[in-house]
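Grab a pencil and work through these three exercises with the structure open beside you. Try each one before you read its solution.

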Amino acid sequence: MQAFQLHQGLVAPMDRENVDTDAIIPKQFLKSIKKTGFGPNLFDEWRYLDVGEPGQDPATRRSNPDFVLNQPRYQGASILLARKNFGCGSSREHAPWAIDQYGFRALIAPSFADIFFNNCFKNGLLPLVLPEHQVAQLFDEVAAFVGYSLIIDLPRQCVVKPDGTELPFDVQPFRKHCLLNGLDDIGLTLQHADKIRAFEAERLLKQPWLAHRI
């Protein structure tokens, strides 16, 4: 998992409340048995004017020019600004996969659905909760200034605006530790690899029949 420490990026505004996971990555794309390749289908039903299917070449499809991520000023955005209850709906982990594989590193909203919020941390994304009035002001500023970018300082737990204003945010210490060090669940387990090997070796000495396989 990619570590997250200090990130500066262009902001793209998703000016909708209650964006659910089926809007983030529609159900037909869940057929894939891979964990990669979901970025081109992020917000698929909003980004395109035709119906998408797994494996379809995005270059052959009709883009929706009115959708925010298709607008030239937001190309290359890596911070997604959203309204309240972002990521509601089903618990599909494909949603943070798609957001990450599109190129976003962080999300800012007044609130997130719980399961989606947890899945973001497990996949290297930083979901930030800021007060609704601060998020509303960020929406206004993004709309007013082309190329609007923010700095997200995870060690100091603050968002730095272009004028230098700092917006503090909370993050649980354990989640912060994992992001700063790029540790997903597997990475956390591998930190104890020596102890696991020692335990298995001792267990087989005491119960050697466990080494036999059918």
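**Exercise 1.** Which side chain of opposite charge is nearest to R47, and how many Å away is it?

*Solution.* Keep in mind that this is a predicted model. Start by finding R47: it sits in helix α2, residues 44-47. Next, look for a partner of opposite charge: the nearest such side chain is D44, at 6.3 Å. A salt bridge needs the charged atoms within 4 Å, so R47 has none, even though R47 is buried.

Now check what the side chain of R47 does reach. It gets to the backbone oxygen of G39 at 3.1 Å, and to the backbone oxygen of P40, also at 3.1 Å. Finally, skip the neighbours within four places in sequence and list contacts: R47 touches, among others, R62, F67 and Y102.

**Exercise 2.** Is V68 buried or exposed?

*Solution.* First, place V68: it's in the loop between α2 and β2. Then use the cut-off: buried means under 20% relative accessible area. V68 comes in at 12%, so it counts as buried. Beyond the neighbours within four places in sequence, V68 is in contact with P13, M14 and Y74. For a sense of distance, try K176: it is 108 residues away along the chain, and the two C-alpha atoms are 30 Å apart.

**Exercise 3.** Is W209 buried or exposed?

*Solution.* Go to the segment after α8, where W209 lies. Exposed means over 50%, and W209 has a relative accessible area of 54%, so it is exposed. Then look around it: L204, W209 and L210 make up a nonpolar surface patch, with about 300 Å² of accessible area together.

How values were computed:
Residues are numbered from 1 along each chain as its sequence is written. This is a predicted model: local features need pLDDT of at least 70, side-chain atom pairs count only at pLDDT 80 or more; totals for chains, interfaces and linings use all residues. Side-chain values use heavy atoms; hydrogens and water are left out. Helices (H or I, at least four residues) and strands (E, at least two) are DSSP runs, numbered from the N terminus. Buried means under 20% relative accessible area, exposed over 50%, partly exposed in between (1.4 Å probe, protein chains only). Lys and Arg count as positive and Asp and Glu as negative; His and the chain ends are not counted. A polar contact is a pair of N or O atoms within 3.5 Å; within protein, one must be able to donate a hydrogen and the other to accept it, and residues adjacent in sequence count only if both atoms are side-chain atoms. Contact means heavy atoms within 4.5 Å. Patches are made of residues with over 30% relative accessible area and no salt bridge: like charges are joined within 9 Å, nonpolar side chains (Val, Leu, Ile, Met, Phe, Trp, Tyr) within 5 Å. Accessible areas come from the Shrake-Rupley method with a 1.4 Å probe; for residues, only the protein chains shown count as cover.
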